[in-house]
Amino acid sequence: MSKLKILFLAPHLSTGGMPQFLLKRIQALQAHADVSIQVVEHQCYSKDYVVQRNEIIKLTGLYTLNEDKMRIFKVVEELKPDIIHIDEMSERLDRQMITKLYSPNRKYRIVETCHDVSFNPADKIFTPDAYAFCTPYHLDTFANVDGYYKEVIEYPIDNCRVSEDDCYEAKIALGMNLKMKHIVNVGLWTSGKNQGEMLELAKQMPDVGFHFVGNQAGNFEDYWGPLMKDVPDNVKIWGERDDVGKFMDAADLFMFNSKWECNPLVLREAISKGKKIIARDLPQYKNMFTRYITNLKPFKLKSQVDDMLMDHTTYNVLTNNTTDDFAKNHISLYKKAMSIIPNKNPINDYNIIQNFVGQPFLEITGTSDSTFDVEFHDFEKQTLVHYDTIKCNHWIRLNREYFTVWQTIVYKDGVEVYNNIIDLTDKRVYIAFESSSLGDTLAWIPYVLEFKKKHKCHVIVSSFWNNILDYPELEFVEPGTTVNNLYAMYKLGWFYNSNKEPILPNTIPLQQTATNILGLPYVEIKPVVYNSGLKANYKLVTIATNSTAGCKFWTRENWQEVINYLYEQGYIVKNVSLENNPFDHCDPLLDKSMGSTMEWITQSEFFIGLSSGLSWLAWGLDIPVIMISNFTDKDHEFSCHRPINTNVCHGCWNKSEYTFDKGDWNWCPVHKNTDRQFECQKSITPEMVIDKIKTLL
């Protein structure tokens with residue numbers, strides 16, 4: 001067989017995972033196969049971050065298209081490639097260029113590789129002759145997409161275990177303090193890579209050296225800029241380097257804090273060197289790294305790192321995916337692709353695009369002059385919700401935001417051409433918490449996981465309390481983060497709006513708010529939070545005397561009587577409220593961080609609180625809770641030990657005729673400014689609370 005001619009088309013070659021994957025592929029093919037290779041860069045985004053770009057130029061040369069995308073056909077004419085391998089989904093590149101590349105008369109075959117989890121397979125228009133997926137995740141998500149061959153060819157892991165002598169020499173070469181242990185992180189500085197978490201750890205471990213290798217690109221300065229204002233002395237920021245391997249050699253521990261990844265190559269490089277690794281074992285990894293890494297837990301991070309730095313155990317690196325295998329697997333796939341008739345890939349003169357990001361959305365693009373009739377049905381209720389008639393390059397968006405089993409039907413000139421019942425399987429779904437309340441977050445988070453289980457989708461969550469939630473099955477991002485390539489999005493909050501929530505939220509249990517919006521049956525589910533499991537070796541009770549509204553408070557005198565009773569029973573009482581409320585026989589928290597608060601609650605025998613986030617937190621930590629809340633109905637919060645008094649005005653919070661005004665501290669809709677104001681809470685006596693305590697003792 002004559003020399004195989006391959007043209008690689010890369011979207012860009014700025015330093016990162018995809019260019020590194022391409023570089024490794026070229027190196028492997030040139031070392032282990034008889035090939036002719038040319039590389040075309042779709043767009044050059046930066047001349048500043050070019051580590052892999054420079055290496056590729058040395059090996060193959062490079063054509064950069066920039067504004068003239070059609071220049072690629074000059075390269076095609078000169079090289080006459082057997083394979084054009086596109087390191088991106090074609091739909092993300094110049095449409096005119098890709099349409100011509102996919103000419104039905106072409107003699108070459110097309111292979112595509114997706115390098116991230118953000119592309120929605122439902123948006124696939126062009127069908128390559130083969131897919132060379134870099135991770136099993138894509139094999140699953142593209143299962144229903146057309147294509148002759150779909151194979152996973154993972155980035156290789158060669159056994160290059162670093163000896164203690166090599167580690168020592170690397171530290172000397174880099175000028176590291178030989179009296180310290182050293183932790184290394186590699187990656188572009190972004191919120192997803194989450195270097196800020198490691199910086200915070202460095203402040204807690206001043207006797208350990210922390211090293212960050214990776215560029216700080218200007219377009220992400222809003223993330224890394226503020227972090228650079230408070231860098232401890234034991235941290236060194238190295239920037240982009242062309243000797244990353246040397247830092248890997250020197251590391252006593254490799255740390256990868258990323259919260260959003262598909263196939264991080266740095267983990268594979270650390271594995272090849274036999275390094276101890278702590279990283280989040282994200283669900284999209286499909287257990288690729290589970291046997292090699294310690295799964296990072298934010299609230300246990302320091303203790304995890306302490307243990308790992310002291311641990312001297314090692315692991316065996318599997319040898320079934322070496323660089324030689326990497327080359328052979330690519331050649332095998334290319335030969336399979338060449339053995340078939342090129343995919344003709346007919347393209348319609350119209351294209352229907354649909355998603356459910358925020359609200360049901362449908363757009364029809366193209367050149368067709370036809371008229372399209374569009375129907376949106378509530379499939380479960382068998383009702384027509386909306387009907388419209390549009391032409392190409394117009395769109396429709398409905399008002400309803402909560403989850404609905406939508407059936408969408410489109411007729412082109414009276415003939416049905418599209419009939420879709422929403423299916424979130426393997427789709428990217430974003431669920432955003434609109435409320436910053438701790439209690440709301442803990443009440444609703446269990447149903448995000450239930451939603452994922454029901455629909456078998458990839459769920460991205462933004463909440464204001466990400467770091468205390470122990471849900472490795474979910475991908476967490478910070479509020480306000482831009483999340484791309486979504487198929488659906490839902491917002492969780494207190495909405496007095498029938499398009500956002502079908503039932504008045506104050507008239508139902510708090511957790512049912514989430515199930516209504518997400519279309520799930522309501523069953524009480526306890527949230528899962530990070531839990532150290534530690535218990536005090538003395539009698540300890542935690543209380544929380546403060547909350548966010550006057551109607552929730554209990555009187556100071558009543559609290560003191562309960563504290564006195566606990567003191568007489570030999571208990572230490574800790575008030576974990578953020579505010580310093582002085583009580584006799586009761587200690588306030590000195591460290592009021594959330595981590596400290598959780599540790600104190602975890603160690604206590606039981607918790608006494610109001611209808612507040614800390615009560616929900618104690619419940620999530622598996623601590624028995626006594627809740628003082630007579631202004632809400634007994635089933636509004638969670639199952640707990642709860643004194644109630646129905647002989648007075650009570651439960652106003654849950655009545656449809658009243659809407660809480662968070663701007664009015666003295667909100668009491670029935671008896672405000674009278675001697676009966678807040679009588680619901682005042683009517684709960686210390687004796688009633690003490691009776692509940694006795695049931696626990």
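Colleague: Which residue's side chain meets R241 in a salt bridge?
Modeller: This is a predicted model. R241 is partly exposed, at 25% relative accessibility. Its partner is partly exposed too, with a relative accessible area of 24%. The N to O distance is 2.9 Å, and the partner is D243.

Colleague: How many residues apart are K336 and E151?
Modeller: K336 forms a salt bridge with E151, the closest N and O atoms being 2.5 Å apart. K336 lies in helix α12 (residues 323-338), E151 in strand β7 (residues 149-152). The pair links distant parts of the chain, with a separation of 185 residues.

Colleague: Is K336 buried or partly exposed?
Modeller: Buried would require under 20% relative accessible area. K336 has 31% relative accessibility, so the residue counts as partly exposed.

Colleague: What separates E450 and K453 along helix α13?
Modeller: Their side chains meet in a salt bridge, 3.5 Å from N to O. An α-helix has 3.6 residues a turn, so residues three or four places apart point the same way. E450 and K453 are 3 residues apart in α13 (residues 438-455), therefore separated by about one helical turn.

Colleague: What distance should helix α15 span?
Modeller: Helix α15 covers residues 556-568, which makes 13 residues. The rise is 1.5 Å a residue. The end C-alpha atoms are 18 Å apart, which agrees with the expected span of 18 Å.

Colleague: Which residue just after α15 takes a positive phi?
Modeller: The helix has buried residues, among them W559, I563 and L566. The buried residues pack against several elements, including β26 (572-575) and α19 (686-696). Just after α15, a phi of about 90° occurs at G570.

Key. Residues numbered from 1 in each chain as written. Predicted model: local features only at pLDDT ≥ 70, side-chain atom pairs only at ≥ 80, totals over all residues. Heavy atoms only, no water. Helix = DSSP H or I, 4+ residues; strand = E, 2+ residues; numbered from the N terminus. Expected span 1.5 Å × (residues − 1). Buried < 20%, exposed > 50% of the residue type's maximum accessible area, 1.4 Å probe, protein only. Contact = heavy atoms within 4.5 Å. Salt bridge = Lys/Arg side-chain N within 4 Å of Asp/Glu carboxyl O.
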